[in-house]
Amino acid sequence: MNAEILSVGTEILLGDIVNTNAQFLAKELASIGISVFRQTVVGDNPDRLLMALEEAFSRAEIVITTGGLGPTKDDLTKEIGGKFFDKKMIEDAEAMKTLKAHFASMGRAMTENNLKQAWIPEGSVVIPNSNGTAPGSLIEENGKILIMLPGPPSEMIPMYQNFVLPFLSQKTNKKYISNTLRLCGVGESFAEDKIKDIIENQTNPTIAPYAEASELKFRITAAATDENEAKKLIKPIKDELYCRFSENIYGEDDTSLVEVVIGLLEKNGLAISVAESCTGGMIASKFVDIPNVSSIFKEGIVAYSNEAKINRLGVSESTLNEFGAVSEQTAEEMARCVAKSSKTSVSIATTGIAGPDGGTDEKPVGLVYIAVFINGNVIVKEFNFKGNRQRIRERTAINALDTLRRELLKTT
């Protein structure tokens, strides 16, 4: 079976919000063997919405819409969906009861325009919404399925998981199971060349490389009748990738690089501090994103100016004068100083030129030094990153964590 995703909302077209709904639905549909060949965004216009539905159903058996189910005049997805299937709108008693109870529980009067949320195309199935006021709706007729879900992800995702997923899973006899390997320190073109023979001969499972900042992902996907069979198909490919890429693979599926680093620090009974210049707190933020990290992560210092490097960290003024703020020597001192002041056995320090200005022939934009301190020993690496300011800073943060990961692996 194949499906199309139709996202409704002028705010998406204007770029006011990011369309994460389509990303979520595409991944979910792929996992149950339903192919998505096209995604469309249409504004809150009834004529264009009807045209988009007609075009989508000319190609697909299933169309899933998100958005346009609310109380305002431009929320017309259910009405246009009903029009496509030549169905009139009727009030659903249970949806109306739920809607009134929602407002009563909050002690708020329900305005009249909210009533339209309880109206659905005749003969359709109501999809309950436990997190909002707009229920969804499902129409199945003449070999076509229209599933209409609300726009807010906090409402759409649980409605899909609780109702739509069980419904659609009955429509396919195969499961598509994926296992993603996450890598650092390997370029996309190099990695793809290294697995060219696997890609050229792949049938089931398949492998797809994806680049993401300074990381790379290999998604291995197998089609099978059940999850255990899929895992058996995936295993030999997965083992071969581990053999070819070794420690460049830092984790699997949703595991983040910082989680792996934290795990290695915990395993070795080590605590960490960070001193950041060009990254401006990005590394510290990645640690703090993880709950209960206070036993591992002790302190983060953003020492952006030379004065801060001297006064806050204790970097030698003579080092800065002789070698400059962006130098191997300054990075090493930053790492040693923050570890000493924070009383940690491990530290990371970053200094570089993120741009767009400030570069010279000798020290161009993108030049970065990353220092890693572990139990009195410091290693410093030089990088030359390309891209805009944000990309350079993000790549620095990721490579700093990866450098520490690799050094910690040598101690275990």
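**Exercise 1. Backbone outliers in loops**

Determine whether Asp-253 is buried, partly exposed or exposed, and describe its backbone and location in this predicted model.

*Solution.*
Step 1. The relative accessible area of Asp-253 is 33%. The class "buried" requires a value under 20% and "exposed" a value over 50%, so Asp-253 is partly exposed.
Step 2. The phi angle of Asp-253 lies near 55 degrees, which is positive although the residue is not a glycine. Most residues other than glycine have a negative phi.
Step 3. Asp-253 sits in the loop that runs between β12 and α10 (257–267).

Carry out the corresponding analysis for Asn-375: state its phi, its place and its accessibility class.

*Solution.*
Step 1. Asn-375, also a residue other than glycine, has a positive phi near 50 degrees.
Step 2. The loop between β16 and β17 holds Asn-375.
Step 3. The relative accessibility of Asn-375 is 52%, so the residue counts as exposed.

**Exercise 2. Cis peptide bonds**

Identify where the cis peptide bonds that end at Pro-205 and Pro-356 occur.

*Solution.*
Step 1. The bond from Asn-204 to Pro-205 is cis, with omega near 10 degrees. Pro-205 belongs to the loop between α8 (196–200) and β10.
Step 2. The bond from Gly-355 to Pro-356 is likewise cis, with omega near 5 degrees. Pro-356 belongs to the loop between β15 and β16.
Step 3. For context, most peptide bonds are trans.

**Exercise 3. The sheet of 4 strands**

Give the strand order and pairing of the open sheet of 4 strands, and explain why β10 and β12 each have one side without a neighbour in the sheet.

*Solution.*
Step 1. The order is β10-β11-β9-β12, and the strands pair in antiparallel fashion.
Step 2. β10 and β12 (249–252) are at the edges and have a single partner strand each; therefore one side of each lacks a neighbour in the sheet.
Step 3. From one strand to the next, the twist averages 25 degrees.
Step 4. The antiparallel strands β9 and β12 are joined by 3 bridges. Gly-251 in β12 is the bridge partner of Arg-182.

**Exercise 4. The sheet of 5 strands and strand β15**

State the order of the open sheet of 5 strands, and explain why β15 is described as largely enclosed.

*Solution.*
Step 1. The order is β14-β13-β15-β16-β17, with mixed pairing. The edges are formed by β14 (297–302) and β17 (377–384), each of which pairs on one side only. The twist averages 10 degrees between one strand and the next.
Step 2. Strand β13 (residues 272–276) runs parallel to β15 and is joined to it by 5 bridges. Ala-275 has Ala-349 of β15 as its bridge partner.
Step 3. β15 and β16 (residues 367–374) run antiparallel, with 7 bridges between them. Tyr-369 in β16 stands opposite Thr-351.
Step 4. β16 and β17 are also antiparallel, joined by 8 bridges. Val-380 in β17 lies opposite Ala-371.
Step 5. In β15 (residues 346–352), 7 of the 7 residues are buried, so the rest of the structure largely encloses the strand. Val-346, Ile-348, Thr-350 and Gly-352 point one way, while Ser-347, Ala-349 and Thr-351 point the other way, and all are buried.

**Exercise 5. Cysteines**

Establish how many disulfides the structure holds, and explain why Cys-337 has no bond to Cys-278.

*Solution.*
Step 1. The structure holds 0 disulfides.
Step 2. The closest cysteine sulfur to that of Cys-337 belongs to Cys-278, at 17 Å, which is too far for a bond. The cut-off for a disulfide is a sulfur pair within 2.5 Å.
Step 3. Cys-337 counts as buried at 15% relative accessibility, whereas Cys-243 is exposed, with a relative accessible area of 60%.

**Exercise 6. Pockets**

Characterise the lining of the largest pocket and that of the second largest.

*Solution.*
Step 1. The largest pocket contains about 1,200 Å³ of space. Its lining comprises 41 residues, with Lys-27, Glu-28, Ser-178, Thr-180 and Arg-219 nearest the centre.
Step 2. The element that gives the most to this lining is α2, with 10 residues. By class, the lining of the largest pocket has 18 nonpolar, 14 polar and 9 charged residues.
Step 3. The second largest pocket has a volume of about 350 Å³. It is lined by 27 residues, and Gly-67, Gly-68, Pro-150, Gly-151 and Pro-152 lie nearest its centre.
Step 4. Two or more residues of this second lining come from each of β1 (2–8), α1 (10–13), α2 and α6. The lining of the second largest pocket divides into 10 nonpolar, 13 polar and 4 charged residues.

Note on methods
Residues are numbered from 1 along each chain as its sequence is written. This is a predicted model: local features need pLDDT of at least 70, side-chain atom pairs count only at pLDDT 80 or more; totals for chains, interfaces and linings use all residues. Side-chain values use heavy atoms; hydrogens and water are left out. On a 1 Å grid over the protein atoms alone, a cavity is a set of points where a 1.4 Å probe fits but cannot get out, and a pocket is an open set with protein on both sides within 12 Å along at least five of seven lines; lining residues have an atom within 4 Å of a point. Grid points are joined across faces, edges and corners, and a volume is the space filled by probe spheres set on the points. Ala, Val, Leu, Ile, Met, Phe, Trp, Tyr, Cys and Pro count as nonpolar, Asp, Glu, Lys and Arg as charged, and the others, Gly among them, as polar. Two strands pair if DSSP finds at least two bridges between them. Axes are lines fitted to C-alpha atoms, for helices over the stretch in contact, and angles run from 0 to 180 degrees between N-to-C directions. Buried means under 20% relative accessible area, exposed over 50%, partly exposed in between (1.4 Å probe, protein chains only).
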